[in-house]
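Ready for some practice in reading a protein structure? Take a look at what is shown below, keep it open, and work through the exercises at your own pace.

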Amino acid sequence: MNMTPRVLILGGTTEARGLAARLVGGEFGVVSSLAGRVASPRLPAGEVRIGGFGGATGLASWIGSHGIRAVIDATHPFAAAISWNAAAAAAASHVPLLALRRTAWVRGVGDLWHETASLEDAALMLPDLGRRHFLTIGRQGVSSFAEVRDAWFLVRAVDPPEAPTPPRMKLLLDRGPYVPEAEIALMHAHQVDTVVTKNSGGQATAAKLTAARALGLPVVMVQRPATPGGVLEVTDVGSAVEWANAQVRGGRSSR
Ligand code: NAP
């Protein structure tokens, strides 16, 4: 079967949408993949497929049957399972893989960070830090905080979290980007004394860190999960565009 060569972007992030916008309309096909977690996702340009592949084996089979010549894992730094699946599937399919991963946030002067390895550890830390917590970890993982004692939560997410949720909480359905002034006003209005976040990195949601610094609030910072070794990694969309072009051109010239 003679298929147009295509690049698969594993997406669900601002960077993935930026990458699709740059690659669509070029000399090869592009398909973006979303997990289907968000009810009304921001869709990338071009062809989009939605839903899981069925593990690494399912992904390898999909790569083989859809003319995929290169894969770019542009998923969120906390979406670990799909990154490990991508590494295994790309290796099994003999298809090159690139990870496009935004740089992690780094603690600056005046930041009161408490770094932790998991959401569960973050929950254990909270009673010593305050009573009114701003949970900005997204929808997934809110249940890890359901049993924190003597606590009230301001929970911000794109879609409502699944049960169990903390018994005393206010849900704010919203999505970035955010600016420091509004973040300060939000934290002030709800009298939060702790901010809980994952180290997602990037500019769109960094304003909460600026706000916490300005207000002198402690931040519980959940560190990123491990990523598969041996995968080439870039942090900006431009480098990923260059890589994709080189892969497809290289594949053509070697045939
Ligand atoms: P995950 O734990 O790494 O993945 C769980 C399963 O979801 C995967 O095994 C895969 O199912 C499916 N999946 C994940 N990303 C996919 C994609 N782009 N296309 C097709 N299937 C995908 O992922 P997650 O943490 O639930 O995140 C899901 C999606 O939301 C990711 O695409 C990520 O970029 C985006 N996102 C996540 C976060 C976060 O904090 N985790 C934040 C913002 C955006 P199968 O095994 O069946 O293939």
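Here are some short exercises, each with a worked solution. Keep in mind that the model is a predicted one.

**Exercise 1. The surroundings of the ligand**

Find out how many residues surround the ligand, and which helix gives the largest share of that shell.

Solution.
- Step 1: Count the shell. The ligand is surrounded by 23 residues. The closest are Gly11, Ser33, Arg37, Phe53 and Lys198.
- Step 2: Sort the shell by class. There are 8 nonpolar, 12 polar and 3 charged residues.
- Step 3: Look at the secondary structure. Strand β2 (29-34) and helix α3 (80-93) each supply at least two residues of the shell. The largest share, 4 residues, comes from α3.
- Step 4: Place the ligand in the protein. The ligand sits in the largest pocket.

**Exercise 2. Polar atoms beside the ligand**

Determine which residues place a polar atom 3.3 Å, 3.0 Å and 3.4 Å from an oxygen atom of the ligand, and say whether each atom belongs to the backbone or a side chain.

Solution.
- Step 1: Begin with the backbone. A polar backbone atom of Ala79 is 3.3 Å from an oxygen atom of the ligand. For Ala81, a polar backbone atom is 3.0 Å from a ligand oxygen.
- Step 2: Turn to the side chain. In Asn85, a polar side-chain atom lies 3.4 Å from an oxygen atom of the ligand.
- Step 3: Ask how much of the ligand is covered. On its own the ligand has 800 Å² of accessible area, and the protein covers 78% of that.

**Exercise 3. Buried or exposed?**

Decide whether Ser83, Thr136 and Glu27 are buried, partly exposed or exposed, and find the side-chain partner of each.

Solution.
- Step 1: Take Ser83, which is found in helix α3. Ser83 has a relative accessible area of 4%, so it is buried. Its side chain is joined to that of Asp73 by a polar contact of 2.7 Å.
- Step 2: Go on to Thr136, in strand β7 (residues 132-136). The relative accessible area of Thr136 is 8%, so this residue is buried too. The side chains of Thr136 and Lys208 make a polar contact of 3.0 Å.
- Step 3: Finish with Glu27, in the loop between α1 (14-23) and β2. Partly exposed is the class between under 20% and over 50%. Glu27 counts as partly exposed because its relative accessibility is 41%. Its side chain makes a polar contact of 2.9 Å with the side chain of Arg249.

**Exercise 4. Distance along the chain and in space**

Work out how far the C-alpha atom of Glu27 is from that of Met169, then do the same for Val237 and Gly202.

Solution.
- Step 1: Glu27 and Met169 are 142 residues apart along the chain, and their C-alpha atoms are separated by 50 Å.
- Step 2: Val237 and Gly202 are 35 residues apart along the chain, with 12 Å between their C-alpha atoms.
- Step 3: Add some context for Val237. This residue is found in helix α7 (residues 237-253). Val237 counts as buried because its relative accessibility is 18%.

**Exercise 5. Backbone exceptions**

Identify which residues are joined by the cis peptide bonds with omega of about 0 and about 5 degrees, and examine the phi values of His94 and Asp150.

Solution.
- Step 1: Recall the background. Most residues other than glycine have a negative phi, and most peptide bonds are trans, so exceptions deserve a look.
- Step 2: Check the peptide bonds. A cis bond joins Ala163 and Pro164, with omega of about 0 degrees. Pro164 is in the loop between β8 (152-157) and β9 (169-173). Another cis bond joins Gly176 and Pro177, with omega of about 5 degrees. Pro177 is in the loop between β9 and α5 (180-189).
- Step 3: Check phi. His94 is not a glycine, yet its phi is positive, near 55 degrees. Asp150, also not a glycine, has a positive phi of about 50 degrees.
- Step 4: Locate these two residues. His94 is in the loop between α3 and β5 (97-100), and Asp150 is in the loop between β7 and β8.
- Step 5: Classify them. His94 has a relative accessible area of 74%, so it is exposed. Asp150, at 52% relative accessibility, counts as exposed.

Key. Residues are numbered from 1 along each chain as its sequence is written. This is a predicted model: local features need pLDDT of at least 70, side-chain atom pairs count only at pLDDT 80 or more; totals for chains, interfaces and linings use all residues. Side-chain values use heavy atoms; hydrogens and water are left out. A residue is near a molecule or strand if one of its heavy atoms lies within 4 Å of it. A polar contact is a pair of N or O atoms within 3.5 Å; within protein, one must be able to donate a hydrogen and the other to accept it, and residues adjacent in sequence count only if both atoms are side-chain atoms. Accessible areas come from the Shrake-Rupley method with a 1.4 Å probe; for residues, only the protein chains shown count as cover. On a 1 Å grid over the protein atoms alone, a cavity is a set of points where a 1.4 Å probe fits but cannot get out, and a pocket is an open set with protein on both sides within 12 Å along at least five of seven lines; lining residues have an atom within 4 Å of a point. A molecule sits in a cavity or pocket if more than half of its atoms lie within 2 Å of its grid points. Ala, Val, Leu, Ile, Met, Phe, Trp, Tyr, Cys and Pro count as nonpolar, Asp, Glu, Lys and Arg as charged, and the others, Gly among them, as polar. Buried means under 20% relative accessible area, exposed over 50%, partly exposed in between (1.4 Å probe, protein chains only).
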